[in-house]
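Me: Please take a close look at one helix pair in this model. I would like to know how the two helices are placed, what they touch each other with, and what surrounds them.

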Amino acid sequence: MVNATINGKAIQVPENTTILEAAKLNHIKIPHLCYLKKVNEIGACRVCVVEIEGQDRLVSSCNTIVQEGMKILTNSPKSRQARRINVELILSQHNARCPECIRSGNCELQSTAADLGINKFPYHEDIAAFEWNMDFPLIRDASKCIKCMRCVQICDKVQQMHVWDIAKTGSRTTVDVTGGQDITKVDCTVCGQCITHCPVGALIERDDTQKVRDAFAAKDKIMIASVAPAVRTSWGEQLGLTHEQATQNRLASALRAVGFDYVFDTDFSADLTIMEEASEFVEKLKNAKNEKFPMFTSCCPGWVRFIKMEFPDLVPQLSSAKSPQQMFGAIIKSWYAQILGVEPYKIFHVSFMPCTAKKYECDVECMNASGARDIDVVLTVRELDRLIRSEGIDVKSLEESEFDAPLGTASGAGHIFGTTGGVMEAALRTAYYFVTGQNPDPNAFRYVRDYDGFKEATFEIAGTKLRIAVVHGLGNIRKLCEDVQSGKAQYDFIECMACPTGCAGGGGQPIEEGQELGEGRGRILLDMDRAMTLRFSHENPSIKQCYAEYLGKPLGEKSHHLLHTDQAKWELWK
Amino acid sequence: MSRLSITNETKAQATVESLHKDLERRVVGAPPGLCPLDLASSYLKVCAAQTCGKCVPCRVGLPQLERLIEDLIDGKGDMSTVATIEKTAETITDSADCAIGYEAANMVLKGVKGFRDDYEAHAKAHHCTADGFHAVPCVTLCPAHVDIPGYIALVNAGRYADAVRLIRKDNPFPSVCAMVCEHPCENKCRRRMVDDAINIRGLKLYAIDNAGHVPVYREGEKVAPATGKKVAIIGGGPSGISAAYYLGMMGHSVEIFEQRKRLGGMLRYGIPSYRLPREVLHEEIETLLTAGDIKVHKEVSIGGKDYPLSKLREEFDAVYIAIGAHTDKSLKIPGEDAEGVMSAVELLRRIGDDDYPDFHGKKVVVVGGGNVAMDCARSSLRLNADKVTLAYRRRKDDMTALAEEVEATEVEGCEILELAAPLKVEVGEDGKAKALWVKQQMISNIKGGRPAPKDASAEPIRIEADIVVVAIGQGIDSHNFEESGIAVKWGCIEAFDSEAVKGENMDGVFSGGDCVSGPATVIRAIAAGKVAAANIDEYLGFHHPITLPVEIPDPVPHNRPACGRVKMRERPIDQRIHDFKLVEKGMTQEEMEQESNRCLRCDYYGFGKFREGREVEW
């Protein structure tokens, strides 16, 4: 332990603690803009500067380690002045028309400037032009970029896609797509991690809420909402709800209040995905001699984009099962349209996702199987919150209500899709049943996740040893793919999720500065699963009904047409 | 009113003068990798501020040039902008009334020609050729890219053996370089912006003086598994041994073929022991040879009939030619074949083999102005010569030797005769040299960046000389290799940047060091060995990374007030000129602490922390 003082108060912190973290541990706030723990500790914004007694110059608290006996002053006149002026300088290059920014109210620069009481702009404004392809799901507004480099670092170090880089030189230095290329021409998976780590509104998702409002306004469509597993863990975060208040049933009520005619649960189609994917895996195992292993999960479009761009020769090893979103799109506009007795185009289906890559996925042309566009619009959780806010709904006062039947019924296996390891765990539960005719202990496969990025395990099903791996975060995935390619890693089945911790940490999730909430959100889903009696996808009564009334059997002809895809044919960008 | 008054410098003037000095240091310490156009534009701003405002080309033209260049940087220009810049700069150069204008425009013209690629990139593609990567200056300027801030931090922390290990990651010769490196790393040291460059070499010397014996492998570490591949290295100098060291670590079986009795190349046969003690060199080489399966064959000459290159290529999977530059260059003046006239190579080679000639009672004249000339002059003093004179055809300032070498040569008692070009050697009837006649020179126009001498209208001078040492450069014994099919140009072996030699059917033959570059520095030869090792490893189908061996402490914040640079101490002159023992003395602990604390840790602060300020493996 190291002893020091902050603002006169004696503190004791573990060795190698930065001043910023030491202050945080002692409930002293030091404002900062570029700092991202362990990813971007570069001292670029110089807002976190503090004075150390006896030192002439200020130091950045984010990357200076507390030394024994250090006397730290976080609010000395010198550090106050420097912090204020550095924020003013940042503002001179920031398009501060806050009311028209979607990050207004959840912006580090805005709150820091407000906390510091900045009320004048003493410097010449020098704001970069905002030029971007607005069709792309991921948008960079150069007029708001504060060059904190977080996007560069998250994409370099965590996702290892190197989409962002510094551009130009000298005082013109800024951030841009690597090599000044068009975003549609580089290997961007649209994972959205740069968005969730941007302190301001410089990186945002393409806002599709107006398309939904327009559909409501047209009044000629049956409006259907579906809610992905991880959405229920986070939708209340930016609406001022506690976890206890932000239940999935209150979310169903909120969506009804927005005006949706039917509110369904994507976890139903997660169960459907498991039926198809587990069957596919079991078939492969039966025909092991002629099949190539490992089989990869295919429900994460960021991961599918990744494998298509980086490891195209592994694409044939992806499960051909569509993602729950796309299966749902196809089922709603086929079976459910039949139930309603309407043509598929009469349905407007909005898919609520914790994901930005889903905006890409729903636009993949060859995916549509229902005769209409299977999914009309994908909205992220952030857009969901904006939609609810714009309707002026007092969510806290809403009574809870169930999802609509039959597509609102899901098993615990469907719920856990939203966290790392969930797809694998759900698939193994059902695969076990398909092979043995008996259910395993539902907790038999729970040790398939590790929030650090990678986990491997071996299970035995009816005498067959299965080597499985679960990996999340594209940097970790890249390493595993290289090992698979070289033969160094030998597995039968691998689950890949582009975002760290899976969808719970997805690029479409609410942004909470300085916090990585993916693991905690994931645990909510795991708890939901444990609390349920229905824990196997194949036992979901709605799934049984769907196969009995419409699909026939897994991997059957209808399934093949509606629920499977050839990812090799997906165009990466139109 | 007094008729005249004394002009006293005002505080403002004094401050401006000090700012000029600051800027001077800043320009010298400018980091590598900047946008050349951005610099051209900012220099123009300085120039425009200097204009008196009388004449059109300078008053109006310079700011216009600046704006045009800014347009290009902002992506608002095209090739016509470049043409306008060029024409305008030409006109200002031709028509400005004084140097403030025409020299400013001339700088722009130099740029338009010198970094035309960058002008065109800005004009056509609206981007800069600079890649935006701001490497650590000292590391970048070191040819071997040694992790300098890293080892300074380790020295500062008292971890001397770790400092040696860290240096060896990129340069196997920390002891040698601590004593004789020309330290290009110091040229752009960012500390110059504060006061002066860090004494990097001095800190390295402190590390090796205090590290004790540092074996290649620590406990638990060992050489990589044997690859079964054999590599031949021709030449046991710094380049060859460096390559052998890394290739040995990688598990390849290495054999060094050395022409002379002892290893070391120019480290032994070129650098006298008062700068690099033999025992230090010997110990360092012995340590390096333990890196792996490395055999040494001495007094074997490769390339001739006895052992042609083709035979070597049959026996080995790859060959690295690092024969250095060891042949004489002659003055081509009458009397040069007289007894008493010798080449620098000849003199230093004899000393290298511990055969010390006795110059007692003799007058020695050394011809040349490079480091080798200084080595010859200082060695002659130590060989008890009565008088040593150094004759050089340019001025002292124009010498290629390091300033501190020239200074040491002079203070040790060698007379330096500037502007003296050798004319003839006067030979006595006994066939022995009696004097060197020199033509007096005057300094003239600057050609290729250096002022050229020309004959002065003055009588030749006679310098009495029993011994004349010719130290005007060395050549390369590349003839045999040329005959085996390797491309040779001006005597130098031709190789690609990968060090693969040019020539037909030369797969697996690499070459580097002085024999490729021409006579250069120790650190460049070492760097060539490192590059050869990496590329030979790849050529053999492997990728053995050489990795960061130690953890480097993060900097602890402390004040860095402007502070003088610690200079190395030397033994008193009257003691040192009678022996060949080391002249230089290391820093004291106190000096080491002050000097290492001056380091600005560019691996951490500034761009360093953003893009991981170090190469963790190569």
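Reply: What follows starts with the helix pair and then turns to the chain that holds it. The model is predicted.

The pair consists of helix H2 of chain B, residues 36-50, and helix H5 of chain B, residues 99-114. Two packed helices are described by the angle between their axes and the distance between the axes. Here the axes come within 10 Å and cross at roughly 175°. An angle over 145 degrees counts as roughly antiparallel, and H2(B) and H5(B) are therefore roughly antiparallel to each other. On the H2(B) side the contact is formed by B:Pro36, B:Ala40, B:Tyr43, B:Leu44, B:Cys47 and B:Gln50. H5(B) contributes B:Ile100, B:Ala104, B:Met107, B:Val108 and B:Gly111. Sorted by class, nine of the residues in this contact are nonpolar and two are polar, with no charged residue.

As for the surroundings, chain B contains 24 helices and 18 strands. Its radius of gyration is 27 Å, close to the 25 Å from the globule rule for 618 residues, so chain B is as compact as a globular protein of that length. The C-alpha trace spans about 80 × 65 × 55 Å along its principal axes. Of the 618 residues in chain B, 46% are buried. Among contacts between residues at least 6 apart in sequence, 71% join residues at least 24 apart.

Chain B also touches chain A, in a contact that takes 14 residues from chain B and 18 residues from chain A. The chain B side of that contact has eight nonpolar, three polar and three charged residues.

Definitions and conventions. Residues are numbered from 1 along each chain as its sequence is written. Chains are lettered from A and ligands numbered from 1 in the order in which they are written. This is a predicted model: local features need pLDDT of at least 70, side-chain atom pairs count only at pLDDT 80 or more; totals for chains, interfaces and linings use all residues. Helices (H or I, at least four residues) and strands (E, at least two) are DSSP runs, numbered from the N terminus. The radius of gyration is taken over C-alpha atoms; the globule rule is 2.2 Å times the number of residues to the power 0.38. A residue is buried if 20 or more other C-beta atoms lie within 10 Å of its own, exposed if 12 or fewer, and partly exposed in between; C-beta atoms are placed from the backbone. Two residues are in contact if their C-beta atoms, placed from the backbone, lie within 7 Å. Axes are lines fitted to C-alpha atoms, for helices over the stretch in contact, and angles run from 0 to 180 degrees between N-to-C directions. Angles under 35 degrees count as roughly parallel, over 145 as roughly antiparallel, 65 to 115 as roughly perpendicular and the rest as oblique. Ala, Val, Leu, Ile, Met, Phe, Trp, Tyr, Cys and Pro count as nonpolar, Asp, Glu, Lys and Arg as charged, and the others, Gly among them, as polar.
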